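Here are my notes on the model you sent. They are set out as numbered points, to be read beside the structure.

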Amino acid sequence: MFANVQPGETVTATAEYVITEDDLIAGSFKNTAKASFDGEENPFDGDDEVTPEKPVSHMTVNKIATSTPKNGKAYQEGETVTYQITVVNDGNMTIRNVTVKDELTGDTWTVEALAPEAEETFTVTYKVTAEDAKKGKVVNVATATGTSDDPDTKDDVPVDDGKTEVPTEEKPAPDEPDDKPKEPENKPPKTSDENNLPLWWTMLITSGIGAIGIGILGRRRREEEDEAA
């Protein structure tokens with residue numbers, strides 16, 4: 001309300017209005033301002049019509065692996081991959097009855113309503129199989145569905161799926177055991193005398209037997225010489 005407005009004087013008032021999704025669907029917004037003066041029976045009207053942006057219903061699914069392989073390079077059979085899935089409403093219409101699905105694991109999540117610029121995040125895990133390891137990679141896709149009041153995409157909201165890929169590899173074959181027993185590392189090396197020990201024993205035994213035989217022969221010869229004398 002303005003008081004004491006003089007003839008020819010201009011006064012200004014401001015007002016704000018937030019465009020609704022119904023306005024987007026209607027394709028236009030009309031605002032009427034009225035001014036009345038004391039002593040005047042008929043108010044003065046002023047209209048303004050605005051054309052808002054077109055309604056857009058769209059979702060984007062982002063998917064990333066938040067874990068790392070044990071060897072830092074590639075996942076092997078039995079290892080677990082952890083994924084983070086985020087669904088974003090990047091349109092200007094509220095999307096309802098949102099269902100997010102991980103194609104690899106079969107897990108699903110539901111969101112009752114996702115407002116423009118809002119997002120929801122989910123976590124899922126997957127265990128690498130022998131077949132995955134042979135392929136050299138695991139490809140995982142997450143998608144979403146939903147509905148909106150946009151007449152053009154009412155029951156089929158467009159969505160950009162989230163896709164991610166992690167490397168895999170087969171486990172290395174175990175080392176084969178050595179059939180030949182290994183000598184203890186602290187065992188001293190054999191000397192030449194130890195290597196020839198059997199030969200020395202043979203020579204000593206042979207020499208002893210020879211000495212005994214020579215002694216017997218000598219004694220017998222002396223007995224024969226005494227008898228001849």
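1. Salt bridges, overall. A search of the whole structure, which is a predicted model, turns up four salt bridges. Side chains of opposite charge can pair when their charged atoms come close. Three of the pairs are taken up in the next points, including one between K63 and D102.

2. K63 and D102. The side chains of these two residues form a salt bridge with an N to O distance of 2.2 Å. The pair links distant parts of the chain, since K63 belongs to strand β3 and D102 to strand β5, 39 residues apart. Are K63 and D102 buried or exposed? Both K63 and D102 are buried.

3. K135 and E131. Here the salt bridge has an N to O distance of 3.7 Å. Both residues sit in helix α2, which covers residues 130-135, and they are four residues apart, about one turn of the helix. K135 counts as exposed because its relative accessibility is 58%, and E131 counts as exposed at 52%.

4. K137 and E165. The side chains of K137 and E165 meet in a salt bridge at 4.0 Å, N to O. This pair also links distant parts of the chain: K137 is in strand β8 (residues 137-147) and E165 is in strand β10 (residues 162-167), 28 residues apart. K137 has a relative accessible area of 38%, so it is classed as partly exposed. E165 is partly exposed as well, with a value of 48%.

5. Negative patch. Which residues make up the negative surface patch? The patch is formed by D90, E103, D160 and D161. Of these, E103 is placed in the loop between β5 (95-102) and β6 (108-114). E103 has a relative accessible area of 44% and is therefore partly exposed. Residues enter such a patch only with over 30% relative accessible area and no salt bridge, and the 44% of E103 meets the area condition.

6. G106. The loop between β5 and β6 also holds G106. G106 is partly exposed, because its relative accessible area is 41%. The C-alpha atom of G106 is separated by 9.6 Å from that of A142, and the two residues are 36 apart along the chain.

7. Backbone angles to check. Most residues other than glycine have a negative phi. N97, which is not a glycine, has a positive phi of about 55°. N97 lies in strand β5, and its relative accessibility of 54% is why it counts as exposed. E117 is another residue other than glycine with a positive phi, near 70°. E117 is placed in the loop between β6 and β7 (119-127). At 72% relative accessibility, E117 counts as exposed. I would look at both residues in the viewer.

8. Q76. Where is Q76 found? Q76 is in the loop between β3 (59-65) and β4 (80-89). Although it is a loop residue, Q76 is buried, because its relative accessible area is 15% and buried means under 20%. Leaving aside neighbours within four places in sequence, the contacts of Q76 are N71, V128, E169, E170, K171 and P172.

9. Fold as a whole. The protein has four helices and ten strands. From the N terminus, the elements follow the order α-β-β-β-β-β-β-β-α-β-β-β-α-α. Among contacts between residues at least 6 apart in sequence, 64% join residues at least 24 apart. The salt bridge between K63 and D102, 39 residues apart, is one link between distant parts of the chain.

10. Burial and surface. What percentage of the 229 residues counts as buried? The value is 24%; K63 and D102 are among the buried residues, as is Q76. The protein exposes about 17,500 Å², and carbon and sulfur atoms supply 49% of that area.

Key: Residues numbered from 1 in each chain as written. Predicted model: local features only at pLDDT ≥ 70, side-chain atom pairs only at ≥ 80, totals over all residues. Heavy atoms only, no water. Patch = residues over 30% accessible without salt bridge, like charges linked within 9 Å, V, L, I, M, F, W, Y side chains within 5 Å. Areas by Shrake-Rupley, 256 points an atom, 1.4 Å probe, with all protein chains shown as cover. Lys, Arg positive; Asp, Glu negative; His and termini not counted. Charge placed at Lys NZ, Arg CZ, Asp CG, Glu CD. Helix = DSSP H or I, 4+ residues; strand = E, 2+ residues; numbered from the N terminus. Buried < 20%, exposed > 50% of the residue type's maximum accessible area, 1.4 Å probe, protein only. Contact = heavy atoms within 4.5 Å.
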